[in-house]
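Notebook open, model loaded. I want to go through a few spots one by one and jot down what turns up.

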Amino acid sequence: MSLEGDAEMERLERECNWVVRDHLRAKGNVWVSASSPPETAFGDEETAAVAEVAEGSWWFQLRNRLLVDLIDRQGRPAVLWEIGSGTGAVSLALATAGLATVAVEPGRAGAEQAVFRGQTSIAATLDELDLPASCLPGIGLFDVIEHLERPEELLTECRRVLAPGSPIFLTVPAYT
């Protein structure tokens, strides 16, 4: 996917005066934060292993169908920003179902996997983006907050950047 002409980045510039190049740099087809990459739940080897099984896994396929159904029932946002997107398996399923997505993953290996899957991808944390308040039409946090030492910080930032009345979709594992 080309970084130029991305409709969501153009919308943010036009409607919110947020220019992606002022906050991130292009590295290949991934938008990358200028700061050092934060620690992530999965290292490069684990990310590669997940990427290898994700598309053929019955579990991922079923879970993604359930997520699409849930989002359809609640009402699709114009674009869903998947925060902590890992390899982009969920973003791909949502995009395949016709929902525009932006994959945001702090780990560069995961962000590159999302690009490989055809997604707009950002290698950064949500707070590193310095997005304007009330600018995002929807956010997904799919099995993310359980990996954070202080999930309230991410949830506070999600609330700040979500447009009024916009949905946040969140999942957590069934077991510890």
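Which backbone nitrogen does the side chain of Glu-105 reach at 3.4 Å? I looked it up, keeping in mind that this is a predicted model, and found the backbone nitrogen of Ser-85.

**Entry: Glu-105**

I then checked for other partners, and the side chain of Glu-105 also reaches the backbone nitrogen of Gly-86, at 2.7 Å. Glu-105 sits in the loop between β4 and α5 (108–116). I went looking for a salt bridge and came up empty: Glu-105 is buried but has none. The nearest side chain of opposite charge belongs to Arg-117, 11 Å away, and a salt bridge would need the atoms within 4 Å.

**Entry: helix α1**

Next I listed the buried residues of α1 (7–16): they are Glu-8, Met-9, Arg-11 and Leu-12. Their arc around the axis is only 155°, so they end up on the same side of α1. I turned to the other side of α1 and found Ala-7 and Arg-14 exposed there. What do the buried residues of α1 pack against? My list reads β2, β3, β4 and β5 (120–123).

I also looked at both ends. At the start of α1, a side-chain oxygen of Asp-6 comes to within 3.1 Å of the backbone nitrogen of Glu-8. Just after α1, Asn-17 has a positive phi of about 55°.

**Entry: Asn-17**

Buried or exposed, I asked of Asn-17? Its relative accessibility is 67%, so Asn-17 counts as exposed. Asn-17 belongs to the loop between α1 and β1 (24–27). I also noted a C-alpha separation of 9.7 Å between Asn-17 and Leu-131, which are 114 residues apart along the chain.

**Entry: helix α6**

I did the same exercise on α6, residues 151–161. The buried ones are Leu-154, Glu-157, Cys-158 and Val-161. These cover an arc of only 105° around the axis, which means they share the same side of α6. That fits the textbook: an α-helix has 3.6 residues a turn, so residues three or four places apart point the same way. On the face turned away from the buried side I found exposed Thr-156 and Arg-159. The buried residues of α6 pack against β3 (79–83), β6 (139–142) and β7 (168–171).

**Entry: the cores**

How many residues are in the largest nonpolar core? I get 26, and Met-9, Trp-81, Ile-122, Leu-129 and Leu-131 have the most contacts inside it. The elements giving two or more residues to this core are α1, β3, β4 (100–104), β6 and α6. Apart from it I noted another core of 9 residues, including Val-68, Val-90, Leu-94 and Phe-169.

I picked Leu-129 for a neighbour check. Leaving out residues up to four places away in sequence, Leu-129 touches Trp-18, His-23, Leu-24, Trp-81, Ile-122 and Ala-124.

**Entry: Ser-33**

Last stop: Ser-33, in strand β2 (residues 30–33). With 7% relative accessibility, Ser-33 counts as buried, because the cut-off is under 20%. Which side chain does Ser-33 meet in a polar contact of 3.2 Å? I found the side chain of Glu-128 there. Again leaving out residues up to four places away in sequence, I have Ser-33 touching Leu-24, Arg-25, Ala-123, Ala-124 and Glu-128.

Conventions:
Residues numbered from 1 in each chain as written. Predicted model: local features only at pLDDT ≥ 70, side-chain atom pairs only at ≥ 80, totals over all residues. Heavy atoms only, no water. Buried < 20%, exposed > 50% of the residue type's maximum accessible area, 1.4 Å probe, protein only. Helix = DSSP H or I, 4+ residues; strand = E, 2+ residues; numbered from the N terminus. Arc of directions from axis to C-beta. Contact = heavy atoms within 4.5 Å. Core = buried A, V, L, I, M, F, W, Y, C linked by side-chain atoms within 4.5 Å. Polar contact = N/O pair within 3.5 Å; in protein donor to acceptor, adjacent residues only side chain to side chain. Lys, Arg positive; Asp, Glu negative; His and termini not counted.
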